[in-house]
Amino acid sequence: FIKFVNAAVSPYHAVHQARSLLEAAGYRFISEAGTWDVKPGGKYFYTRNQSTIVAFAIGQQYTAGNGFNIVAAHTDSPVLKVKPVSVHSSAGYVQVGVEPYGGGLWHTWFDRDLTVAGRVIVRGGADFSSRLVRINKPILRIPTLAIHLNREVNSDGFKFNTQTHVLPVLSTAVKEALAVPSDAKHHPRLLEMLAKELSCKPEDIHDFDLNLVDTQPSVIGGPLDEFIFSPRLDNLCMSFCAL
């Protein structure tokens, strides 16, 4: 499970990992839109939008009209997603605009070493392809204020606005090196890092669906190894159990 959740950093990565596990267990891919040639004793799966996977096994004694059992889980988790127009700067820092997705405990995202992962649509000549991406280094951080600037935080609680305060810092706004075109949707530095991971040009990146990801991996913890310290337990735990 630890290996699975560490690799499943987005719904797309979760489906990719699930597909690998199913294939290793003898399941065969079939196209949802194609004609199915399924037989008793067979094991099959199909995917949709790279974010959903459906697998089924047909019993050796199955006949039409027999019942069947279903187990289901979702592959997405509460997360901060990069906005469609994410370019932002404030107080001399380049930031990335994000928005909350799902019912998350957003205060836990502060002061963590963050990166991005998800799916990128890449142009290749006249065609487009969907590629998975994960930048394997900390590139973002949502900092809290120093105690000198927020003396009441320990008495009044940690209060923040998800639209204005949950904006991860990408870099310092060095004007000469990080100039941003006026019509840019995303900062060139972010696109350059994605392009490097995908071995393409920044201008070939047509669109993307990216999540913020904590670079600290999931681990087994406790003196008796009885705990799982991990993000995305909602709902990758059930996704893994379903597999």
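A residue is called buried here when its relative accessible area is under 20%, and at 11% relative accessibility H186 therefore counts as buried. The structure that holds this histidine is a predicted model, and H186 offers a convenient way into it. The residue is found in the loop between β8, residues 169-172, and α4, residues 188-198. Its side chain has two polar neighbours to be noted: a polar contact of 2.7 Å joins the side chain of H186 to that of S86, while the backbone oxygen of P84 lies 3.1 Å from a polar atom of the H186 side chain. Setting aside residues up to four places away in sequence, H186 touches K83, P84, V85, S86 and V87, and also L191 and F208.

From this loop one can step back to the chain as a whole. The chain contains five helices and 11 strands, and its C-alpha trace spans about 70 × 55 × 30 Å along the principal axes. Of its 243 residues, 32% are buried, and the chain exposes about 14700 Å², of which carbon and sulfur atoms supply 53%. When contacts between residues at least 6 apart in sequence are considered, 63% of them join residues that are at least 24 apart.

Where does the buried nonpolar material gather? The largest nonpolar core has 31 residues, and V116, L194 and L212 are those with the most contacts inside it. Two or more residues come to this core from each of β4 (79-90), β5 (93-101), β6 (114-124), α4 and β9 (205-214), with α4 giving the most, namely six residues. L194 shows what such a position looks like in detail, since, with residues up to four places away in sequence not counted, L194 touches V116, V133, I135, I205, F208 and L210. Apart from this core lies another, of five residues, among them V5, A8, A14 and L236.

A14, one of the residues of that second core, also belongs to the buried residues of helix α2, which are P11, Y12, H13, A14, V15, A18 and L22. Helix α2 covers residues 11-24, and its 14 residues reach 20 Å from the first C-alpha to the last, close to the 20 Å expected at 1.5 Å a residue. The helix is followed by G26, whose phi is positive, near 95 degrees.

The strands β1, β2 and β3 form an open sheet in the order β1-β2-β3, and the pairing within this sheet is mixed. Because β1 and β3 stand at the edges, each with a single partner strand, one side of each is left without a neighbour in the sheet. The mixed character can be followed strand by strand. Strand β1, residues 28-29, runs parallel to β2, residues 43-48, and two bridges join them, with F29 standing opposite F45 of β2. Strand β2 and strand β3, residues 52-57, instead pair in the antiparallel sense over six bridges, and there T47 has I53 in β3 as its bridge partner.

Which backbone angle marks N49 in the hairpin of β2 and β3? The hairpin has three residues between its strands, and N49 takes a positive phi near 60 degrees, although N49 is not a glycine. At 47% relative accessibility, this asparagine counts as partly exposed. A further positive phi in a residue other than glycine is found at A91, where the value is near 55 degrees. A91 is found in the loop between β4 and β5, two strands that each give two or more residues to the largest core, but at 72% relative accessibility A91 itself counts as exposed.

One more feature of the backbone deserves attention, and it concerns a peptide bond. The bond from D234 to N235 is cis, with omega near 15 degrees, and N235 is found in helix α5, which covers residues 233-242.

Terms used: Residues numbered from 1 in each chain as written. Predicted model: local features only at pLDDT ≥ 70, side-chain atom pairs only at ≥ 80, totals over all residues. Heavy atoms only, no water. Helix = DSSP H or I, 4+ residues; strand = E, 2+ residues; numbered from the N terminus. Expected span 1.5 Å × (residues − 1). Buried < 20%, exposed > 50% of the residue type's maximum accessible area, 1.4 Å probe, protein only. Polar contact = N/O pair within 3.5 Å; in protein donor to acceptor, adjacent residues only side chain to side chain. Contact = heavy atoms within 4.5 Å. Pairing = 2+ DSSP bridges. Areas by Shrake-Rupley, 256 points an atom, 1.4 Å probe, with all protein chains shown as cover. Core = buried A, V, L, I, M, F, W, Y, C linked by side-chain atoms within 4.5 Å.
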